[in-house]
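Me: I'd like to learn how to read a protein structure. Could you walk me through one, feature by feature?

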Amino acid sequence: MRYKVHYSSCTNFRLNNSRFNVNFPITPLLPSISNRYITQVTHDFSHALTLTQLISLAAVAAPIGICYGRVADNLPRPSDVINLLTSNGISNVRVFNPDPLTLKSFSGTGINLIIGVPNEILPSLAAGSPTFSLEWLQSNIFYNIPTNQIRYLAVGNEVLSKDPYYSPFVVPAMTNLYQALQTLNLANSVKLSSPQAASVLSASYPPSSGTFDPYIVSNIVPLLRFLNDTNSPFMVNVYPYLSYTSSSEYISLDYALFRSDKAVLQDGALAYGNLFYASIDAFIYAMEKQGFVGVPLVVTETGWPTSGGAEASVENALAYNENVVRRALAGVGTPKRPGQGVEVYLFDLFDEDGKSGEEYEKHFGIFGLDGSKIYDIRFN
């Protein structure tokens, strides 16, 4: 279902057949909102939208990127990967480690990167000095790619819940890296964070109940404090597919795939029409309960498999990823944070046949090894 925002005078405008009255001229404030289509807005927000929320619907598109996982055989040559990305208008990419050849292939392309700092290096970065971190950055990253192409450094991945041995090293490593970036006058342009799995939450339903696992609070609070102090985002890997397949008796496939034609979940004043936004807002509520209000959030992984598991299909993968992209481009935001588009990175560029675990984990690729799209999704 599609909704069209109209304005017809200086005193009122309407969303389909619902009229909203205001007490000041809105035409100068909404120069482009006429004829702007908003997809399923009323299913992702409370039923009564405020003027501020509607004005915010004209927000700038949030960045959209893709994850470039490389746990596979016979991947295309780096130069072919770059051509694939540029021909599809993909200008933001997450790489999971600072592989020199990979980074050099991106150099000068204008593609912005999230570059992973492997979990295994965290103890050395944490125990060393800022000078050691500076030398590590220069030799492993800055030597291979211009700093103006680095959007974030992802320090570790899913450490707190899935690789807890490294938990005590995350924030000390980030602190040393931050001081190294300050030395180079890069601390404001290259942001540091540490992507976490959804399992860091002990409660997420409804979103307002979002709470961090008490066993990781002693590590998550210093991380949030660092992010707050450095104006950096909290990074999360969100997979509604996993939530659906583990709780399909409670979660409908339509809710997971953005296909609900009405609000499925009413949480106080906020209504949710899809599981993706409900999952994100659970993190926002959890941060607020620890005293951190306003920390930005970036989804560093999300996707839907094309085979290998329940409801894993090309059709469902397209439905899910297409809707994620559409909402990011609209800059609509979640019910908890309307008008603040969610920066998101789709997983994955290619299937990764070298991955262990369940069979579906190998089949998140959006493109085939020959560069063709497995399904027709647009990134702009």
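Reply: What follows is a chat about strands, a core, a helix, a few side chains and some unusual backbone angles. One thing up front: this is a predicted model.

Me: Okay, let's begin with strands. Which strands does β7 pair with, and in what sense?

Reply: To read a sheet, look at each strand's partners. On one side of the pairing list, β6 (residues 92-95) and β7 run parallel, with four bridges between them. Then β7 is also joined to β8 (residues 150-155) by five bridges, again parallel.

Me: Which residues are bridge partners of Leu 113?

Reply: Val 93 has Leu 113 as its bridge partner in β7. Leu 113 in turn has Ile 150 as its bridge partner in β8.

Me: What kind of unit do β6, helix α4 and β7 make?

Reply: A right-handed β-α-β unit, with α4 covering residues 100-106.

Me: How many residues of β7 are buried?

Reply: Here you compare each residue's relative accessible area with a cut-off: buried means under 20%. In β7 (residues 112-117), five of the six residues are buried, so the strand is largely enclosed by the rest of the structure.

Me: And Asn 112, is that one buried or partly exposed?

Reply: Asn 112, which sits in β7, is partly exposed because its relative accessible area is 24%, and buried would need a value under 20%. Asn 112 still has contacts from other parts of the chain, among them Ser 91, Asn 92 and Gln 149. Arg 151 is 39 residues away from Asn 112 in sequence, yet their C-alpha atoms are 5.9 Å apart.

Me: Now the inside. Which residues touch the most other members of the largest nonpolar core?

Reply: The general idea is that in soluble globular proteins, nonpolar side chains tend to be buried together. In this model the largest such core has 111 residues, and Ile 66, Val 93, Phe 106, Phe 212, Phe 234 and Phe 276 touch the most other members. Helix α12 (residues 275-289) supplies the largest share of this core, eleven residues.

Me: What does Phe 106 touch?

Reply: Leaving out residues up to four places away in sequence, the list includes Tyr 68, Ile 82, Leu 85, Val 93 and Leu 113. You've met two of those already: Val 93 and Leu 113 are the bridge partners from β6 and β7.

Me: How do I read a helix, say α13? What is its reach?

Reply: Compare its end-to-end reach with what its residue count predicts. Helix α13 (residues 314-330) has 17 residues and spans 24 Å from first C-alpha to last, close to the 24 Å expected at 1.5 Å a residue. Its buried residues include Asn 316, Tyr 320, Val 324 and Arg 327. Just past the helix, Gly 331 has a positive phi of about 65°.

Me: Let's try side chains. Is Glu 301 buried or exposed?

Reply: Glu 301 belongs to strand β16 (residues 297-302) and is buried, because its relative accessible area is 7%. Then ask what its polar atoms meet. The Glu 301 side chain makes a polar contact of 3.1 Å with the side chain of Arg 94, and another of 3.4 Å with that of Asn 237. Its wider contacts include Cys 67, Asn 157 and Tyr 345.

Me: What about Glu 288, which residues does it contact?

Reply: Glu 288 is in helix α12 and counts as partly exposed, at 27% relative accessibility. Setting aside neighbours within four places in sequence, Glu 288 contacts Val 293 and Lys 336. With Lys 336, the side chains share a polar contact of 3.2 Å.

Me: Last topic: backbone oddities. Where is there a cis peptide bond?

Reply: The background first: most residues other than glycine have a negative phi, and most peptide bonds are trans. In this model, a cis bond joins Tyr 205 and Pro 206, with omega about -10°. Pro 206 lies in the loop between β11 and β12.

Me: Which residues have a positive phi without being glycine?

Reply: Asn 231 is one, with phi about 55°, and Glu 311 is another, also at about 55°. Asn 231 lies in the loop between α9 and β13 and is exposed, at 59% relative accessibility. Glu 311 is in the loop between β16 and α13 and is partly exposed, at 37%.

Key
Residues are numbered from 1 along each chain as its sequence is written. This is a predicted model: local features need pLDDT of at least 70, side-chain atom pairs count only at pLDDT 80 or more; totals for chains, interfaces and linings use all residues. Side-chain values use heavy atoms; hydrogens and water are left out. Buried means under 20% relative accessible area, exposed over 50%, partly exposed in between (1.4 Å probe, protein chains only). Helices (H or I, at least four residues) and strands (E, at least two) are DSSP runs, numbered from the N terminus. Two strands pair if DSSP finds at least two bridges between them. A crossover is right-handed if, with the strands pointing away from the viewer, the path from the first strand over the helix to the second runs clockwise. The expected span of a helix is 1.5 Å times one less than its number of residues. A nonpolar core is a set of buried Ala, Val, Leu, Ile, Met, Phe, Trp, Tyr and Cys residues joined through side-chain atoms within 4.5 Å. Contact means heavy atoms within 4.5 Å. A polar contact is a pair of N or O atoms within 3.5 Å; within protein, one must be able to donate a hydrogen and the other to accept it, and residues adjacent in sequence count only if both atoms are side-chain atoms.
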